[in-house]
Amino acid sequence: MNVDAKIAKDRVTRLFKFLSELNKLGNPPRHRIEEQPWTLWIHDLPNHPSVRLGVRRTEAQDDTPTTEENASRGDDFVLKVKRAQTTNAPPPPEILSDWLQPTWQRTEGPAEHLLSKNELDREGNTITIQFETDPQLPQIFAEWQQKWEQWAKAEKPARDALRIFERVYDLYGQIEREAERAELYIGDGVLEWPRPEGNISHPILIQRLQLDFDPQVPEFTIRDTSHPADLYSALLRTIKEVDGPVLRKCREEVQAGDFHPLDEEVTSGFLQRMIQAMHPQGRMINGNAMRNADGPVIRRDAVIFLQNRTLGFATAFEKILEQLDESVEIPKSLTQVVGVQSDSSDDAQKSE
């Protein structure tokens with residue numbers, strides 16, 4: 001590499017480091033998943049036919065013959081959400097209508113009665129009547145309450161599924177309005193790290209998604225895009241303990257390994273290697289295990305979230321800086337931007 005090329009590489013590297021830091025100032029990475037504009041945890045999905053999570057292939061399935069049935073259970077979607085059909089609570093007997101708390105129409109209830117209520121007697125005076133005064137009321141209420149509890153238990157998954165549909169409906173409208181500013185992702189490998197500048201709690205393995213809507217059903221389908229999974233490097237680069245070469249090696253493994261946030265053994269193995277490479281006290285934990293007092297941990301807990309599109313700028317700057325570290329040839333257009341005339345352009349001018 002001649003002197004001009006070295007000068008050009010140094011200047012271009014400093015230029016993109018400046019742009020990367022400028023982007024961080026204007027668009028700092030989110031350190032906590034709840035800071036994202038919209039989130040949906042996979043563990044919060046109700047067990048209902050109208051909400052279907054895509055089945056990811058595992059190592060044990062790799063040798064399974066492909067059939068029409070098991071092909072439909074593959075990676076064609078991440079999540080499907082239809083509008084669930086709901087039913088109303090069993091109406092109370094007329095004698096109970098003035099005694100019930102209004103919460104009986106919700107599945108979470110509770111279905112309770114008033115202990116007493118005020119009424120006017122024949123002379124127009126206010127009198128207080130106790131529920132237990134009428135010997136029929138407790139028995140009638142107990143019989144109706146049993147029916148209500150059966151309904152509430154069966155109805156709750158449908159109501160929860162409908163709420164998921166409504167949340168995704170709102171998300172769809174938001175994405176339509178902000179298509180140039182927002183992107184949908186699924187993430188897993190939640191990094192939890194107590195930090196003096198603010199604790200970190202965010203998934204670091206992320207996969208870009210797309211959201212489609214079929215109004216005829218109606219049904220939403222969330223599926224992978226053609227972009228491969230990647231690391232949330234914008235966040236990881238803000239952690240001084242994470243070495244650049246370690247982060248680069250982990251990103252290369254992600255891109256070569258075809259990992260996915262919903263995969264099981266393969267992704268868990270990668271996350272285990274990554275956390276141990278990042279910190280001497282780093283470890284993988286189960287959801288209910290004790291966290292480290294000081295060191296970082298990673299836990300499996302998939303979440304769909306909306307992310308500011310500026311994440312793409314951070315990733316682009318990172319890839320450019322990695323390529324510059326690998327001594328790639330710098331395009332003439334960039335060398336001219338930083339005020340260096342390349343040898344190739346000089347030769348071209350002489351030949352003319």
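Buried, in what follows, means under 20% relative accessible area. With that cut-off in hand, phenylalanine 165 is buried, and phenylalanine 220 is buried too. I should say at once that this is a predicted model.

Let me stay with those two rings. By the pairing rule, the model has 14 aromatic pairs. One of them joins phenylalanine 165 to phenylalanine 220, with 5.3 Å from centre to centre and 50 degrees between the planes, a tilted arrangement. Phenylalanine 165 sits in helix H3, residues 136–177, while phenylalanine 220 belongs to strand E8, residues 219–224; the pair links distant parts of the chain, 55 residues apart.

Phenylalanine 220 has another ring partner, tyrosine 169. Here the centres are 6.0 Å apart and the planes stand at 85 degrees, so this pair is edge-to-face. Tyrosine 169 is in helix H3 and phenylalanine 220 in strand E8, so the contact ties together parts that are 51 residues apart in sequence. How buried or exposed are the two partners? Tyrosine 169 has 47% relative accessibility and therefore counts as partly exposed. Phenylalanine 220, at 1%, counts as buried.

Elsewhere, ring pairs link Trp99, Trp104, Phe131, Phe141 and Trp144 into a cluster.

Next, strand E6. It covers residues 182–193, and 12 of its 12 residues are buried. Which strands does E6 pair with? I will take E7, E12 and E11 in turn.

E6 and strand E7, residues 200–214, run antiparallel and are joined by nine bridges. Tryptophan 193 has isoleucine 200 in E7 as its bridge partner. The two strands make a hairpin with six residues between them, and in the turn glycine 198 has a positive phi of about 135 degrees.

E6 also pairs with strand E12, residues 303–308, again in the antiparallel sense, over six bridges. At one position in this pairing, alanine 182 stands opposite asparagine 308 of E12.

Then there is strand E11, residues 297–299, which is antiparallel to E6 and joined to it by three bridges. Leucine 191 has isoleucine 298 in E11 as its bridge partner.

Back to asparagine 308 for a moment. This residue lies in strand E12. Its relative accessibility is 34%, so it counts as partly exposed; E6, by contrast, is the strand described above as mostly covered. Asparagine 308 is 124 residues from leucine 184 in sequence, yet the C-alpha to C-alpha distance between them is 8.8 Å.

The last item is a helix pair. Helix H5 spans residues 244–257 and helix H6 residues 265–278; they pack at an angle of about 170 degrees, with axes 10 Å apart. Why call them roughly antiparallel? Angles over 145 degrees count as roughly antiparallel, and H5 and H6 therefore fall under that heading.

Which residues make the contact between H5 and H6? From H5 come Val246, Cys250, Glu253 and Val254; from H6 come Phe270, Arg273, Met274, Ala277 and Met278. Sorted by type, the contact residues are seven nonpolar, no polar and two charged.

To go back over the main points: phenylalanine 220 in E8 pairs with phenylalanine 165 and with tyrosine 169. E6 is joined to E7 by nine bridges, to E12 by six and to E11 by three. H5 and H6 are roughly antiparallel to each other. That is where I stop.

Technical notes
Residues are numbered from 1 along each chain as its sequence is written. This is a predicted model: local features need pLDDT of at least 70, side-chain atom pairs count only at pLDDT 80 or more; totals for chains, interfaces and linings use all residues. Side-chain values use heavy atoms; hydrogens and water are left out. Axes are lines fitted to C-alpha atoms, for helices over the stretch in contact, and angles run from 0 to 180 degrees between N-to-C directions. Helices (H or I, at least four residues) and strands (E, at least two) are DSSP runs, numbered from the N terminus. Angles under 35 degrees count as roughly parallel, over 145 as roughly antiparallel, 65 to 115 as roughly perpendicular and the rest as oblique. Contact means heavy atoms within 4.5 Å. Ala, Val, Leu, Ile, Met, Phe, Trp, Tyr, Cys and Pro count as nonpolar, Asp, Glu, Lys and Arg as charged, and the others, Gly among them, as polar. Buried means under 20% relative accessible area, exposed over 50%, partly exposed in between (1.4 Å probe, protein chains only). Two strands pair if DSSP finds at least two bridges between them. Rings of Phe, Tyr and Trp (its six-membered ring) pair if their centres lie within 6.5 Å; planes under 30 degrees apart count as stacked, over 60 as edge-to-face and the rest as tilted.
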